[in-house]
Amino acid sequence: MTMTQPGVTALWDELCSRVKTGDRFAGLSGTMPDGGPLVLSAYLATARGIDTLETPLPPGVSGYPALTPRLGAAFWYERVIHDRFGVVPDGHPRLAPLIRPGPPEEHALPRHVTGYGIFTIPHGPVRSGVMEAIEYLVETPGEAIPHLNMRVFYKHRGVADRFAGMTPDDAVLLAERAEGIASVGHALAFCHAVEQIAGCQPPPAAGLVRVLHAELERIANHLDVAVRLADAAGLAVATARFALHKERVQRLVSTLCGSRFGRGVVVPGGVAALPLLPPAQILAEAGKLRTAITADAGALMGTSSFLDRLRGTGPLTPARARQHGALGPIGKASGYADDARLARPYDGYPSLTLPSAPAHAAGDALARLRVRWEEVDQAFGLIRQAAEQLPERPGDPARLPCEPVRGRAAGWAEAPQGEVLYDVELVDGRIARCQPRSASFHNLVLMHEVFTGDILTDFPFIEASFGLSVAGVAL
């Protein structure tokens, strides 16, 4: 639901009032439709769905009162708006470039901490191993990390602007590639928006197939986090074992649909085709994977030297997680959970039982890993339920016609990193605007805050425990 406010101040008042009464701040974006004035759109996650509050700025203005001093979670969102449109959020605490590089004179290493022996370590954007391009500026006296800054613009590809003019069938291919490790999550959120515009409900069998691929993607992502944590701890056998499990999960996905990343499966109106394996074989393969992964996860979580490296490392307090609206495993590890599969269910999830998981409050790297193992177990349970229900719907089509002409809607899905949003507007059957927001973008800013009391050798554990994608940040 989209609601227009009479001005920026009224928009911020309404937004902050609803956040205080229980809705969650889910994002902020800007657009300039048809070359007109900048329109600010704020998103709120509610029990019903995603509400959009927006207002146009007066023509010719060069700034507006910043939201960040009133709602800290808008910190990065307003920097992106400034980078894209040049409109200044007056009163923003630090309006440095985020997704676009600043002028050469601004490339000097900034200093936020002063004192004897303080220096800055530029870590990245090129690092050893298969790592995404990001530059961490670590200010340190030698071991402690009193301040961390991040430069993510190396990965910026202008994805949001690329959607304009595409048909929905073509645009879903771009959505899948916005954040490669969450291809299914992004495709789902995009298609949900398109389907709302069209008034189209995918067939029940397609909803179950979507669940299968979304949960296999979740398992693969969480196994990748385990690989990186085990590698940081120097546990060669554990690193190899979880890399093997991840490979087997991705091979199963490839066998089901022809793509290791589940690409090409989710389309507006349903799925491109039903799985290439019969449900009984899906159950058998998933069962073998579950048994092997559970055994190795138990061995890893029984390794005291490994647990000692994670316990108390990179803690995010429950109060800060709630204040920011932290998403996915990062939020759950700090006692704040807003899982879209439960709060705003979609596709096959309403017909399935999502097992409950214990609450966490430690908010450290260990709690984040425990949440991921719990989500892996939940995912296997959902895969089993979905595969068992598929034979009951042998006559269901894979896809229904979905050809929206005009309209606007926000779609969402729970990716492995947390909630993904897509604000889509169609005119004459083509994309007029599409604003994606990944959980990686919403959550990565919190890495600034979790290094208190930690040292340089904790860095790889904290980064891996967040389990985010830089590509999803610098869309």
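## Exercises: cavities, a pocket and a domain interface

The second largest cavity is lined by Tyr43, Ala410, Leu421, Tyr422, Asp423, Gln435, Pro436 and Arg437. The model is predicted: local features need pLDDT of at least 70, side-chain atom pairs count only at pLDDT 80 or more, and totals for chains, interfaces and linings use all residues. Residues are numbered from 1 along each chain as its sequence is written, and side-chain values use heavy atoms, with hydrogens and water left out.

**Exercise 1.** Characterise the second largest cavity by volume, elements and residue classes.

*Solution.*
- Fix the term. On a 1 Å grid over the protein atoms alone, a cavity is a set of points where a 1.4 Å probe fits but cannot get out; lining residues have an atom within 4 Å of a point.
- Take the volume, the space filled by probe spheres set on points joined across faces, edges and corners. It is about 40 Å³.
- Assign elements, which are DSSP runs numbered from the N terminus: helices (H or I, at least four residues) and strands (E, at least two). S13 and S14 each give two or more residues to the lining of the second largest cavity.
- Sort the classes. Ala, Val, Leu, Ile, Met, Phe, Trp, Tyr, Cys and Pro are nonpolar, Asp, Glu, Lys and Arg charged, and the others, Gly among them, polar. The lining of the second largest cavity has five nonpolar, one polar and two charged residues.

**Exercise 2.** Now describe the largest cavity.

*Solution.*
- Count first. There are two cavities of 30 Å³ or more.
- The largest cavity holds about 300 Å³.
- Its lining has 25 residues, with Val80, Arg84, Gln435, Pro436 and Leu475 closest to the centre.
- Helix H2 (75-85) is among the contributing elements. H2 gives the most, with five residues.
- The classes are 13 nonpolar, eight polar and four charged.
- Domain 1 (2-90) and domain 2 (163-440) each supply at least three residues to this lining.

**Exercise 3.** Quantify the interface of domain 1 and domain 2.

*Solution.*
- The bounds come from an automatic or database domain assignment.
- The C-alpha centres lie 28 Å apart.
- Contact (heavy atoms within 4.5 Å) takes 18 residues from domain 1 and 16 from domain 2.
- Buried area is the accessible area (1.4 Å probe) lost when two parts are put together, summed over both. Here it is about 1,300 Å², 50% of it on carbon and sulfur atoms.
- The rule for a salt bridge asks for a side-chain nitrogen of Lys or Arg within 4 Å of a carboxyl oxygen of Asp or Glu. It finds three across the interface.

**Exercise 4.** Describe the largest pocket.

*Solution.*
- A pocket is an open set of points with protein on both sides within 12 Å along at least five of seven lines.
- The largest pocket has about 1,300 Å³ of space.
- Of its 49 lining residues, Val130, Met131, Glu132, Asp224 and Arg228 lie nearest the centre.
- Strand S7 (119-123), strand S8 (135-140) and helix H6 (204-232) are among the elements giving two or more residues. H6 gives the most, with 11.
- The lining divides into 26 nonpolar, 10 polar and 13 charged residues.

**Exercise 5.** Locate the unusual backbone values.

*Solution.*
- Recall the background: most residues other than glycine have a negative phi, and most peptide bonds are trans.
- The bond from glycine 124 to proline 125 is cis, with omega near 10°. Proline 125 sits in the loop between S7 and S8.
- Aspartate 347 has phi near 50°.
- Aspartate 428 has phi of about 55°, and is in the loop between strand S13 (418-427) and strand S14 (430-437).
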